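Let's walk through this fold together, starting with the overall picture and ending at one small sheet.

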Amino acid sequence: MCAADSNSLELCYNGLSLSFRMADIISTVEFNYSGELLATGDKGGRVVIFQREQESKNRLLSRGEYNVYSTFQSHEPEFDYLKSLEIEEKINKIRWLPQQNAAHFLLSANDKTIKLWKISERDKRAEGYNLKDEDGRLRDPFRITTLRVPVLMPMDLMVEASPRRIFANAHTYHINSISVNSDYETYISADDLRINLWHLEITDRSFNIVDIKPANMEELTEVITAAECHPHQCNVFVYSSSKGTIRLCDMRAAALCDRHSKFFEEPEDPSSRSFFSEIISSISDVKFSHSGRYMMTRDYLSVKVWDLNMENRPVETYQVHEYLRSKLCSLYENDCIFDKFECCWNGSDSAIMTGSYNNFFRMFDRNTRRDITLEASRENSKPRAMLKPRKVCTGGKRKKDEISVDSLDFNKKILHTAWHPKENVIAVAATNNLYIFQDKIN
């Protein structure tokens, strides 16, 4: 790491100096339900929406290309004077709502506040008002001698983002998750100790459905790390903890879901226990499969797939970067061991993807059990170029195309990934760059 001020970061890598502002670091990536729009949020509180190019006979190769559709400032930095606490503008999560009309709606959250945004298009304007001139000035009433009927005239397309609801003052701790329910009327938001249920039309109150805060904070042993609603059953949701456990709750059982319906935990092997065991077992992300039959969790070293009908162990475990187990001490010292990697399913639930260090990301095929490591970098990602699989050498003689585990760059990390809901198009956020890859076009 090179010297830099608090608002910018300078990475030195292979003799190259890469400077960018901290505000430009991408903090969340999310496709909408159709996959035609892709939203990113960054540490500067901005939301950038990309729209997919329409395929045409003249531009058959444009399939999968996304161009900027709209950019707007979602959150601003705030200061809580009662607690003398700065509230960052960084966007923690974005969640789309299913499209019901010509407009699009999405939820964006920073540490404390959730906002519902409407993104709409305008390509016509009204002209011929009776009381106003074309420049907007009021006309002299004595000059109005005839009645005019306003008409709609075409204009350049404008994309407008307007806040429709602001959901605030419900979280004492930092919001780490928001998830839209399958009834599309409610959603949940989670912080370290509580989960709230909101109605999309009601901003002044929410229902607290999970509260794990102990009477004495010194007795606190775990925190909530992620939460998500079931894709088909609006009464079911799950939340994960820093102890590596997942609780499935049913809102029909009680108003306060402190008692879980199912409890998922893999017993720890006593022979492999170490000082870092509890830290690396903390779950950083949980995602239901599209079918609703399975869920996936990501801890520091692995991705696990759980069957909702089997609580005692996962049905599949994929090692993401097992070669880092010997590096846990240095990763603890540079705080990388606390990085929160996300994971995602493909549209058919047959493959999963998650990120790693050195701008590597990993993809696992659940049917063949094959996996691949790919790199998102400007040097290797020219348009239309095929990505070459990367391999990490853990010891012994290093082959030509392999990279040594000792030369991995831990400042370059892929924490946020997203998969198109219907096609093999993926979005990967690498620091301040967004990479979009698609399967080979024949």
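**From the whole chain to one sheet**

Take the contacts (heavy atoms within 4.5 Å) between residues at least 6 apart in sequence: in this protein, 50% of them join residues at least 24 apart. Keep in mind that this is a predicted model, where local features need pLDDT of at least 70, side-chain atom pairs count only at pLDDT 80 or more, and totals for chains, interfaces and linings use all residues. Residues are numbered from 1 along each chain as its sequence is written, and side-chain values use heavy atoms, with hydrogens and water left out.

The secondary structure comes to 2 helices and 33 strands, taken as DSSP runs numbered from the N terminus (helices are H or I, at least four residues; strands are E, at least two). The radius of gyration is 24 Å, close to the 22 Å that the globule rule gives for 442 residues, so the protein is as compact as a globular protein of that length. That radius is taken over C-alpha atoms, and the rule is 2.2 Å times the number of residues to the power 0.38. Buried residues (under 20% relative accessible area, 1.4 Å probe, protein chains only) make up 47% of the 442.

Now for the sheet. Here 3 strands line up as S31-S32-S33 in an open, antiparallel arrangement. S31 (416–419) and S33 (433–438) sit at the edges with a single partner strand each, so one side of each has no neighbour in the sheet. Strands count as paired if DSSP finds at least two bridges between them; S31 and S32 (residues 425–430) have 4, in the antiparallel sense. Look there for Thr417, which stands opposite Val428 in S32.

Methods: Buried < 20%, exposed > 50% of the residue type's maximum accessible area, 1.4 Å probe, protein only.
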